[in-house]
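The following exercises ask the reader to work through a protein model, one residue or element at a time. Each task is followed by a solution in steps.

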Amino acid sequence: DEYRPSIVKISPAGVVLKRFVPANDPLTGTSYQVVKNLPQILQWRKGNRGFEGAAISPDRKTLYTMLQSPASNPNATIGNASHMIRLLAFDLESESVTAEYVY
């Protein structure tokens, strides 16, 4: 997702059912449920730099995703000099983040 870090749940027919976004995301007015349960720190992601990669665990219970680049946290100067990216572990059954890693 280039415009916000989010995870989207889609039906087999291609219909968006839910979108998981950071807790402080202002997204409203959608035809689907918006669940604001991703870490707030993701608000500091750089513009046009959402989640870049995703993988499912071998047991198909956990989705792993990562930001495309370091977050501008605590500010752009420090963020731009950083080489640290954030990775999330998202439990598919409970639909919640179970771990956050900085790599």
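**Exercise 1. Determine whether V8 is buried, partly exposed or exposed, and list what V8 touches.**

Step 1. The relative accessible area of V8 is 33%. Buried means under 20% relative accessible area, exposed over 50%, and partly exposed in between, with a 1.4 Å probe and protein chains only. V8 is therefore partly exposed.

Step 2. V8 belongs to strand 1, residues 7-10. Strands (E, at least two residues) and helices (H or I, at least four) are DSSP runs, numbered from the N terminus.

Step 3. Not counting residues up to four places away in sequence, V8 touches V16, K18 and R19; contact means heavy atoms within 4.5 Å.

Step 4. The C-alpha atoms of V8 and L27 are separated by 13 Å, the two residues being 19 apart along the chain.

The model is predicted: local features need pLDDT of at least 70, side-chain atom pairs count only at pLDDT 80 or more, and totals for chains, interfaces and linings use all residues. Residues are numbered from 1 along each chain as its sequence is written, and side-chain values use heavy atoms, with hydrogens and water left out.

**Exercise 2. State how confident the prediction is along the protein chain.**

Step 1. The mean pLDDT of the protein chain is 90, where pLDDT is the predictor's confidence in each residue, from 0 to 100.

Step 2. A value of 70 or more is reached by 98% of the residues.

Step 3. Among the elements, strand 3 has the highest mean pLDDT (96), and helix 1 (residues 76-81) the lowest (82).

**Exercise 3. Describe the sheet that contains strand 1, and place R19 and T30 with respect to its strands.**

Step 1. The sheet is open and has 3 strands in the order 1-2-3, with mixed pairing. Two strands pair if DSSP finds at least two bridges between them.

Step 2. Strand 1 and strand 3 are the edges; each has a single partner strand, so one side of each is left without a neighbour in the sheet. The twist averages 20° from one strand to the next; axes are lines fitted to C-alpha atoms, for helices over the stretch in contact, and angles run from 0 to 180 degrees between N-to-C directions.

Step 3. Strand 2 and strand 3 run parallel and are joined by 5 bridges. Within this pairing, K18 stands opposite Q33 in strand 3.

Step 4. R19 is located in strand 2, residues 16-22. R19 counts as buried because its relative accessibility is 17%. The side chains of R19 and Y32 are joined by a polar contact of 3.1 Å. A polar contact is a pair of N or O atoms within 3.5 Å; within protein, one must be able to donate a hydrogen and the other to accept it, and residues adjacent in sequence count only if both atoms are side-chain atoms.

Step 5. T30 lies in the loop between strand 2 and strand 3, and is partly exposed at 27% relative accessibility. The T30 side chain reaches the backbone oxygen of Y32 at 2.6 Å.

**Exercise 4. Describe the sheet of 4 strands and the setting of T62.**

Step 1. This open sheet has the order 4-5-6-7, with antiparallel pairing. Strand 4 (51-56) and strand 7 (96-102) stand at the edges, so each has one side without a neighbour in the sheet.

Step 2. Strand 5 and strand 6 pair over 5 bridges. T62 has D91 of strand 6 as its bridge partner, and Y64 stands opposite A89.

Step 3. T62, in strand 5, is buried at 13% relative accessibility. Leaving aside neighbours within four places in sequence, T62 is in contact with residues including A55, I56 and F90.

Step 4. Strand 6 and strand 7 pair over 6 bridges, with L88 opposite E100. In their hairpin, which has 4 residues between the strands, E95 takes a positive phi near 55°.

**Exercise 5. Identify the residues of the largest nonpolar core and the elements that give two or more of them.**

Step 1. A nonpolar core is a set of buried Ala, Val, Leu, Ile, Met, Phe, Trp, Tyr and Cys residues joined through side-chain atoms within 4.5 Å.

Step 2. The largest such core has 10 residues: I7, F20, V35, L38, L42, F51, L63, L67, L88 and F90. Strand 3 (33-38), strand 5 (62-67) and strand 6 (86-91) each give two or more residues to this core.

Step 3. L38 touches I7, F20, F51, L88 and F90, among others, not counting residues up to four places away in sequence.
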